[in-house]
Amino acid sequence: MKRDFRKGTEKVLNSKLMHLFGRRSIRRYTGEAIPREMLEQLLQVGMAAPSASNHRPWHVTVITDRQLLNQLADANPYGKMLPNAAAAFLVSGDSRRMYVGEGRDFWVEDCAAMTENILLAAHALGYGAVWIGQHPLAERKQSDKLILNLPDYLEPMSLIAIGIPAESKEARTQYEAEQVLWKE
């Protein structure tokens, strides 16, 4: 069924886009494991994201260790779902791969594109996921570095909790026509 999902207003949408409206932030998980092969598929899709000058300055730390997931949850007020997640991906910028010069800061956009690819892929595979912001909050990034013993050249950008969903949410759009300016 093709619907707008916003206040019940019916609208024809391209069926190929319907999947995107179904991606929602899932914060409740069953605690079941996800096979490593599936986690690797998510990483492959993530690394298919665009990056400035194709530098691909991302680095992903995959966390499946329950003790580390608990420590990350304790360190982040928005990470309370981590103890029941199957895994978490910490997407960081790798300063050794960042563009040197005018555009060095594009690592944030590059890592954000990678994060969104992972969220969409998780949804496509039937998993739940949520983006837990780290950058630009120094305290959260420092906690990540200490808990995960990360080298100085990694700059945490986002933390993604992934798991078998223990909740479901309806597809929706959040389109706001008043936030669009058309220059025709």
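Let's start where helices α3 and α5 meet: their crossing is right-handed. Keep in mind as you follow along that this is a predicted model. In residue numbers, α3 covers 66-75 and α5 covers 138-148, and the two axes come within 10 Å while crossing at roughly 155 degrees. Angles over 145 degrees count as roughly antiparallel, and α3 and α5 are therefore roughly antiparallel to each other. If you would like to select the contact in your viewer, pick Leu68, Gln71, Leu72 and Ala75 on the α3 side, then Ser143, Asp144, Ile147 and Leu148 on the α5 side. Sorted by class, this contact of α3 with α5 holds five nonpolar residues, two polar ones and one charged one.

A second helix pair is worth a visit. Here α2 (36-46) packs against α4 (residues 107-124) with the axes 8 Å apart and an angle of about 135 degrees. That angle falls outside the parallel, antiparallel and perpendicular ranges, and α2 and α4 are therefore oblique to each other. The crossing of α2 past α4 is right-handed. From α2, the residues Leu42, Val45 and Gly46 reach Met114, Asn117, Ile118, Ala121 and Ala122 of α4. Six residues of this contact are nonpolar and two are polar, with no charged residue taking part.

Now let's move from the helices to the loops, where two backbone details deserve a look. The loop between α2 and β1 (58-63) contains serine 53. Its phi is near 55 degrees, a positive value in a residue other than glycine. The other detail sits in the loop between β3 (128-133) and α5, which is home to proline 136. The peptide bond leading from histidine 135 into proline 136 is cis, and its omega is near 10 degrees. If you follow the chain on from that loop, you come back to α5, the helix that makes the contact with α3 described at the start.

Our last stop is the largest pocket, which holds about 180 Å³ of space. Its lining includes Leu17, Leu20, Phe21, Arg23, Arg24 and Ser25. Arg172, Thr173 and Gln174 also line this pocket. How do the lining residues divide by class? There are three nonpolar, three polar and three charged residues. For comparison, the contact of α2 with α4 has no charged residues, and the contact of α3 with α5 has one.

Note on methods. Residues numbered from 1 in each chain as written. Predicted model: local features only at pLDDT ≥ 70, side-chain atom pairs only at ≥ 80, totals over all residues. Heavy atoms only, no water. Axes fitted to C-alpha atoms, helices over the stretch in contact; angles between N-to-C directions. Helix = DSSP H or I, 4+ residues; strand = E, 2+ residues; numbered from the N terminus. Parallel < 35°, antiparallel > 145°, perpendicular 65-115°, else oblique. Left-handed = near helix turned anticlockwise from the far one by under 90°. Contact = heavy atoms within 4.5 Å. Nonpolar A, V, L, I, M, F, W, Y, C, P; charged D, E, K, R; others polar. 1 Å grid on protein atoms, 1.4 Å probe; cavity = no way out; pocket = protein on both sides within 12 Å on 5 of 7 lines; lining within 4 Å. Points joined across faces, edges and corners; volume = space filled by probe spheres on them.
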